[in-house]
Amino acid sequence: MQQIQNKTLTPLEKLISDKKRIRRQCVLQEQKLNDDFSYIQENAGSLLLSGFTTLLFPNTKSKKTESTETATPPILPTVHLGISDYLGIAQSLLPAAWDVAKPFLLTWGIRKAQSWFTNLLFKKKK
């Protein structure tokens, strides 16, 4: 083992060891990303709701933040959002809202068209 430590590495050996080190780092980073992604998937509803409530009501405090703020003063000042900030947030959320609303609108439209055609074809004569 001492022979390997005393021996200087050739450029090819350095590349091979760097490649192995980078692959190990990639595997670790991939595992961290998968853990984070699964956490987000499992808690998406509560994360989204807490994010919206924080954006819409910045001055309200949850029980958890109240207990920590009494122990230590806040480090960062509170940022007040203006109407333009809310409009920007709403504009950035429009594609996601459209993706959610589209299936409902399509289903509603198809049902309306079906009932319209059904009424048109099988009209009761007076």
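Q: Buried means under 20% relative accessible area, exposed over 50%, and partly exposed in between (1.4 Å probe, protein chains only); what relative accessible area does arginine 21 have?
A: This is a predicted model, in which local features need pLDDT of at least 70 and side-chain atom pairs count only at pLDDT 80 or more, while totals for chains, interfaces and linings use all residues. Residues are numbered from 1 along each chain as its sequence is written, and side-chain values use heavy atoms, with hydrogens and water left out. Arginine 21 counts as partly exposed because its relative accessible area is 35%.

Q: Which residue forms a salt bridge with arginine 21?
A: A salt bridge requires a side-chain nitrogen of Lys or Arg within 4 Å of a carboxyl oxygen of Asp or Glu, and a search of the whole structure finds one such pair. In the bridge formed by arginine 21, the closest N and O atoms are 3.6 Å apart. The partner has a relative accessible area of 32% and is therefore partly exposed, and this partner is aspartate 18.

Q: Where in the chain are aspartate 18 and arginine 21 found, and how are they spaced?
A: Both residues of the salt bridge belong to helix α2, where aspartate 18 and arginine 21 are three residues apart. Because of this spacing in the helix, the two are separated by about one helical turn.

Q: How many helices and how many strands does the chain have?
A: Helices (H or I, at least four residues) and strands (E, at least two) are taken as DSSP runs, numbered from the N terminus. Read from the N terminus on, the elements of the chain follow the order α-α-α-α-α. The count for the chain is accordingly given as five helices and zero strands.

Q: Which helix has the lowest confidence in the chain?
A: The predictor's confidence in each residue is expressed as pLDDT, from 0 to 100, and the chain averages 78, with 75% of the residues scoring at least 70. Confidence is highest in helix α2 (residues 11-42), at a mean of 92. The lowest mean, 51, falls in residues 63-71, which make up helix α4.

Q: Is leucine 93 buried or partly exposed?
A: Leucine 93 lies in helix α5, which spans residues 83-121. For the chain as a whole, 0% of the 126 residues count as buried. Because the relative accessibility of leucine 93 is 33%, this residue counts as partly exposed.
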